[in-house]
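Welcome! Here are a few exercises to help you find your way around a new model, each with a worked solution. Take a look at the structure first, then try each task before reading on.

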Amino acid sequence: MQVTMTVNGKSYTRDVEPRLLLVDFIRSELALTGTNIGCDTSQCGACTIHLNGKAVKSCTVFAVQAAGAELTTIEGLAGTGLHPMQQAFWDKHGLQCGYCTPGMIMTAVKLVERHGGTLSEEEIRHGLAGNLCRCTGYQNIVKAVQQAATEMGGGD
Amino acid sequence: MGNYMGESIKRREDPRFIQGKGKYVANLHIPNMAHVAILRSPYAHARIRSINTDAAKALDGVIAVYTGQELIDGGVGKLPCGWNVPDIKVPDRWPLMVDRVRHVGDSVVAVVAESPYIAYDALELIEVDYEPLPVVIDARKTTEPGVPLVHDEIPDNISYAWALGNKDETEQAFASAEHVVELELINQRLIPNAMEPRAAVAQWDAYTEEMTLWTTSQNPHPIRLLLSAFTLGIPEQKLRVISPDVGGGFGSKIFHYPEEVIVPWIAREINRPVKWVCSRSESYLTDSHGRDHVTVARLALKKDGTFTGLHVQTWSNQGAYLSTFAPLIPTALYITLLSGLYKIPAIWGEMWGTLTNTVPVDAYRGAGRPEASYLVERLVDIAAQELGMDPVELRRKNFIPADEFPYQTPVAFLYDSGDYHRLFDKALGMFGYDALRESQKAAREQGRLVGIGVAGCIEASGPAPSQVAGALGAAVGFWESAVIRVHPTGKATVLTGSHSHGQGHETTFAQVVADQLGMDINDVEIVHGDTGRVPFGMGTYGSRSGCVGGSALVRAAEKVRAKAIKIAAHQMEAAEEDIVYDRTTGKLHVKGSPAHAKGFAEIAFAAYTAHNLPAGLEPGLEESAFYDPANFTFPNSCHISQVEIDRETGEVHIQHYTAVDDVGNVINPLVVEGQILGGIVQGIGQALTEAAVYDEAGQLLSGSMMDYAVPKAMLFPMFDVDRTVTPSPHNPLGVKGAGEMGTIAATVAIANAVMDALAPLGIRHLEMPLTASKLWHAIQGASGGNGMQATNETPLGGRDEPGDPANWPERQILSD
């Protein structure tokens, strides 16, 4: 099947099998390997991207379901330089092996956009329930999201 | 310039990770690359009657299909065991099994195809005629009559036995004990779950006959050695193993896995680049698991609480084969730690390594040391309860005093340094122990289940020295390599045999070298994980990188400084001993004349122009070191938690958590704190949520992230983390390992808190994981409940409590 979608501002058209997962499309067809695969049951969140403005686990969507959609991956999150969330993960040592990090950042950006700059520690911890990290113990990730939330502001 | 030691420098590797530019093996794409998938056994134990691959081979896009026999005919060897205790029986393990499978997930057939999707389709078309065989799952049942043998040639399913300590003194201690605490417990099997699943890519160059293998390993050089000498047969000089960015390991990526043989073998066979990426479901069935002990222990005390003896018997489940370092974990990294933080004059530890129809077990974060700490610290807590003492008071009474270091335990180790009273003072103060004990009393009067758990734990990090390791069974050494290559412009490329899979060596090792040579840290680049660039090195495990790899860097830097001083002395017409190498500025000058200094870069340039060097001095400025430590280092910790158990649901809420760790000097506090924080959560995972659960047929019930509870962010409060420092006296940095202490201490700090919360109900001990369901049933079954039976179901399905040791089989005592 032919699909066309916009990824990080650029339009792509490809012939794909109906069963091709969106994450495999992004990684193999578009060679955007910043989106990682950490599980096969939609638990870990390493593959989280933005699909039409929502944080979505791209292992749980077929590429054909994203036909016509606007996608942002970690590679396209910041225009130039770093997004405040990326900067905050760096500042707060919110990553170690880095494998969960792209998905964690993509989830956290939408979490802050939903709640605004005033979201609580509890809201952050619950908001990250779909993203697993085995290295950091989450504490510095929570601090990173708090820092970015302050900087991104917005919400209520 | 200089002065980088002890600074919380942000990590230099992070920009690539936060922008999605991590160089993980699965991200590697080579033109014309083919893809491998592995057919795995659905049975825990079965004979393979026949394999029919015709339909798979006929599938469009399939390049080839290989069975185990074809690999053997093609020259692959058995996977070796790298740690051999006396009289060990090592079962045969082939990259693909030929006529029998011994655990669910055992590898049987390999398919290589044009895409991973086609390769997986082809697996569905392979017909294997299995004859299922009876299974044994439980480490304690392996020797019972009628229990099947996992390997026909290994009687009683016992691969090895090991013992250590002073047996006679221990028996006497119990004969004269005024109080004895007895405890049977299980340290449940865990699954490591590094976020990056394993992967391998191989590229064969038919013209030069050279192979490159990219693999998710913590130690690429030992993998190359094993591939060359045992499994693949390609000479070391023709084989390059690269472990680029590796997404976590926690031990599970130390070992030599079948796919590291299969993938390059196929790449050579079809003369194309080949890639294999493990699915998460496969990783549950094939990554080496951790822990899995059943233990019977007794602690002898005087009435005043003085420890007089400890006797431990442990059944250690090794799984279906011996993973690369499996026999090290429950022997020299477990029984040797049974002294804890305490003076225990008599200790006798015995263990049996048993084979079962389960995934092989090997090192997992802590590796033997968490099992020892959990056992000792549970015993101490129960002892305090039985003697009516405060658990802190009992611990303090038995601490090794600060003025008795180095301290020789009865179980081989010589502890290097520590000050356990100061450690506890700090942790108890931060936690507010006395006040929280008071408020606990009030909470209990209201019927609330509030518990406080204390853990005082020891770790042995940076296994060493090589000679002793060899005597204990190691097939490898435990030194580390370093090269400092100073370029003519005064910048440096540093090669280290340690490997970073999240630890941040590109930052911390640059701190060490820049500090040693007085350089700008931005002029130092760290290279690791590539046997084509780095001299043979041992990799990263056992919290060894700082204390062994870092020390190797110091030794190499000392040589660079010595040569720089020779050149400076010659050019400034002074004696070498009159040259001052100012590491804070990176300048060299004659004593008393700092104004006439030469910069490090000037000296480097002079070393390479070689226009004006001392007679006999070789040009260039590149030095290497192989550092073999004199001893392990012995980090220690006090972790204290307060939990409250919801009576209605059994859920554990962690209310306060304080961690104070003594990991010696610290290179980068930000990085060390990160290691401790991550370790705590992994440790709490064992206490509360994680367990590998097998059913009686040997099916792994917790075989996906849906069923195996990797902890999530919302389980935790903010942890209060700090340090005390007693530098290690025997390495040049004074550092101790920081990678595993959090995991070792957190498990029992939480388990003790939960058991303290349940103590008013008369519950003495429950097995981990302390899930809401288990606690709810226990609360219901205890006094004050509704009469339902307390359950203490074990994490391994169908496993009984350990029976009378007198009924255990004849034991081979191999060392006194």
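## Exercise 1: Where the chains meet

**Task.** Describe how many residues chain B and chain A bring to their contact, and how much area is buried between them.

**Solution.** Step one is to count residues: chain B brings 53 and chain A brings 50 to the contact, where contact means heavy atoms within 4.5 Å. Before going on, note that this is a predicted model, in which local features need pLDDT of at least 70, side-chain atom pairs count only at pLDDT 80 or more, and totals for chains, interfaces and linings use all residues. Residues are numbered from 1 along each chain as its sequence is written, chains are lettered from A and ligands numbered from 1 in the order in which they are written, and side-chain values use heavy atoms, with hydrogens and water left out.

Step two is the area. The size of an interface is often given as the accessible area lost when the parts come together. Between chain B and chain A about 4,400 Å² is buried, and carbon and sulfur atoms give 58% of that; buried area here is the accessible area (1.4 Å probe) that two parts lose on being put together, summed over both. On the chain B side, B:Ile18, B:Tyr117 and B:Met195 lose the most area to chain A, together 18% of what that side buries.

## Exercise 2: Charges and polar pairs across the interface

**Task.** Find how many salt bridges cross the interface of chain B and chain A, and say which helix of chain B gives the most residues to the side that touches chain A.

**Solution.** Start with the rule: a salt bridge is a side-chain nitrogen of Lys or Arg within 4 Å of a carboxyl oxygen of Asp or Glu. The rule finds 3 of them across this interface. One salt bridge joins the side chains of B:Asp121 and A:Arg19, at 2.7 Å from N to O.

Next, widen the search to polar contacts (a pair of N or O atoms within 3.5 Å; within protein, one must be able to donate a hydrogen and the other to accept it, and residues adjacent in sequence count only if both atoms are side-chain atoms). Between chain B and chain A, 26 residue pairs are in polar contact, both residues being at pLDDT 80 or more.

Now look at the helices. Helices (H or I, at least four residues) and strands (E, at least two) are DSSP runs, numbered from the N terminus. In chain B, α1 (14-18), α4 (116-124), α8 (280-286) and α17 (669-689) each supply at least two residues of the side that touches chain A. The helix that gives the most is α17(B), with 9 residues.

## Exercise 3: A sheet in chain A

**Task.** Work out the strand order of the 5-stranded open sheet in chain A, and explain why β2 and β4 of chain A each have one side without a neighbour.

**Solution.** First, the order is β2-β1-β5-β3-β4, with mixed pairing; two strands pair if DSSP finds at least two bridges between them. Second, β2 (10-15) and β4 (54-57) of chain A are at the edges with a single partner strand each, so one side of each has no neighbour in the sheet.

Third, walk through some of the pairs:

- β1 (residues 2-7) of chain A and β2(A) are antiparallel over 6 bridges, and A:Val3 stands opposite A:Arg14 in β2(A).
- β1(A) and β5(A) run parallel, joined by 2 bridges, with A:Glu70 in β5(A) as the bridge partner of A:Thr6.
- β3 (residues 48-51) of chain A and β4(A) run antiparallel with 4 bridges, and A:Ile49 has A:Val56 in β4(A) as its bridge partner.

## Exercise 4: A sheet in chain B

**Task.** Which strands are at the edges of the open sheet β22-β23-β24 of chain B?

**Solution.** The 3 strands pair in the antiparallel sense. The edge strands are β22 (579-582) and β24 (598-599) of chain B, each pairing on one side only. Moving inward, 4 bridges join β22(B) to β23 (residues 587-590) of chain B, and B:Tyr581 stands opposite B:Leu588 in β23(B).

## Exercise 5: Unusual backbone spots

**Task.** Where in chain B do B:Pro406 and B:Asn271 lie?

**Solution.** Most residues other than glycine have a negative phi, and most peptide bonds are trans. The bond from B:Phe405 to B:Pro406 is cis, with omega near -5 degrees, and B:Pro406 lies in the loop between α10 (391-398) and β16 (407-408) of chain B. B:Asn271, which is not a glycine, has a positive phi of about 55 degrees; B:Asn271 lies in the loop between α7 (259-270) and β12 (274-277) of chain B.
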